[in-house]
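User: I am new to this structure. Please give me a close look at one part of it, and then show me how other parts are built.

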Amino acid sequence: MTRPTARGGSKTSADRLARLLNLVPYLLARPGIEVAEAAGDLGVTERQLREDLELLWVCGLPGYGPGDLIDMAFDGDRVTITYDAGIDRPLRLTPDEALALVVALRMLAETPGVANREAIERALAKIEDAAGDLVGAPVAVRLPGDSRRVEALRAAVEGGRALRITYYTAARDETTERVVDPLRMLMVGGRAYVEAWCRRAEAVRLFRADRIDAITELDEPATVPPQAVPHDLTEGVFRPSPDLPLITLRIGRGERWITEYYPCERVEAGDGEQWLVSLRVTDLGWARRFVLGLGPDVAVVAPVELAEQVRASASAALDAYAVPAPVTRLPGGERASAAAAVPSGDPAVAGRTQ
């Protein structure tokens, strides 16, 4: 969004940045210049120039102490730069700095959800042209995952086309086919997502690109209904809410990473090195697979339904590995198998539940 200025130009962040970068060398070459004269030369109002000077006062070198910031002196309506923080000379990039900028811009251009890729590509072309052989190293930048799938999703978003996708939902461990109307591409936590109106769910859904098994671009435009509003993902993809199931686990020292990786509602110290951890989950099916994938020092405290599911799954896994036990004779002639020596409270199972 732009706003007209006194000279009929535009006031944007880019315009102001360029003006600020030019302002220090301009004032250094004209010590004691009147603010009104400087404003006229720079094409801004006196008020805007004074606002720029106030902003310059808090700019400078890392450390940002009194001896690092740009400083100036006022004598009535005249201004003089007394410390320039190195902006008195043109920027010259070292080979490492130029290469770092090129890699960063290439990565930004590849990132889903970037609104103005053309501007990024123009800036990249200017830096590469100015740096010349400094950035001639054979560097290829690619985001993790299937780049062709991400590119197909991005093309559908930019072209405004509906998609038919085959999608794996990890929370329910199922694969479904859906027709979706894409809203945007975005990158969250290092993973690419497409946010779209799902006609099957009749709601806005977030689809991870690496869980889309097949994509077909339909010969029809995306029709997003008015009630389709993108999610606020500033705090991550998963947003715990009171309507989701709450589970409580007793964990050992080796599983404390859970409290840093997942949003927990409660963390309490238990006996010894054990902690009690409560967190919201999308559903108990996901929670069952989550607990089964943890170490042996985890027990399900609540809900009972989850504890029973984990116990049943662990028992079924043990049964799959069962082999006929050799028959032995106990003192006195009784027959017994090795299985009889295993107590009913098998720690391999009981360690998962409580």
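Analyst: Two residues are in contact when heavy atoms of each lie within 4.5 Å. The model is predicted. With that in mind, start at I70. Set aside its neighbours within four places in sequence. I70 is then in contact with V24, L56, W57, C59, G60, I81, Y83, D84, A85 and I87.

I70 also belongs to the largest nonpolar core, which has 18 residues. Which members touch the most other members of this core? They are L23, L27, L49, L53, L56, I70 and M72. L56 therefore appears twice: it is in contact with I70, and it is on this list of members.

Where do the core residues come from? Helices α1 (13–28), α2 (35–42) and α3 (46–56) each supply at least two, and so does strand β3. Helix α1 gives the most, with 5 residues.

Now follow β3 into its sheet. This open sheet has 3 strands in the order β1-β3-β2, and the pairing is antiparallel. The edge strands are β1 and β2, each pairing on one side only. Strands of a sheet pair through backbone hydrogen bonds.

Take the two pairings in turn. Strand β1 covers residues 33–34, and 2 bridges join it to β3, residues 78–83. E34 has R78 as its bridge partner in β3. On the other side, β2 spans residues 71–75 and pairs with β3 over 5 bridges. D75 has R78 as its bridge partner too. Beyond D75 comes the turn. The hairpin of β2 and β3 has 2 residues between the strands, and G76 takes a positive phi near 70° there.

Next, leave this core for another. A second, separate core holds 17 residues, including V281, A287, F290 and A307. A307 leads to helix α9, where it is one of the buried residues, alongside L306, V310 and A314. Why do these four lie on the same side of α9? They cover an arc of only 100° around the axis, so they share one side. In general, residues three or four places apart on an α-helix point the same way, because there are 3.6 residues a turn. The face of α9 turned away from the buried side carries the exposed residues V304, E308, D319 and A320. Helix α9 runs over residues 304–320, 17 in number. From first C-alpha to last it reaches 24 Å, close to the 24 Å expected at 1.5 Å a residue.

Strand β12, residues 298–302, contains A299. A299 counts as buried because its relative accessibility is 11%, which is under 20%. Its C-alpha is 5.7 Å from that of L249, although the two are 50 residues apart along the chain.

Last, the cysteines. A search of the whole structure finds 0 disulfides. C198 is buried, with a relative accessible area of 0%. C264, at 25% relative accessibility, counts as partly exposed.

How values were computed: Residues are numbered from 1 along each chain as its sequence is written. This is a predicted model: local features need pLDDT of at least 70, side-chain atom pairs count only at pLDDT 80 or more; totals for chains, interfaces and linings use all residues. Side-chain values use heavy atoms; hydrogens and water are left out. A disulfide is a pair of cysteine sulfur atoms within 2.5 Å. Buried means under 20% relative accessible area, exposed over 50%, partly exposed in between (1.4 Å probe, protein chains only). Two strands pair if DSSP finds at least two bridges between them. The expected span of a helix is 1.5 Å times one less than its number of residues. The arc is that of the directions from the helix axis to the C-beta atoms. A nonpolar core is a set of buried Ala, Val, Leu, Ile, Met, Phe, Trp, Tyr and Cys residues joined through side-chain atoms within 4.5 Å.
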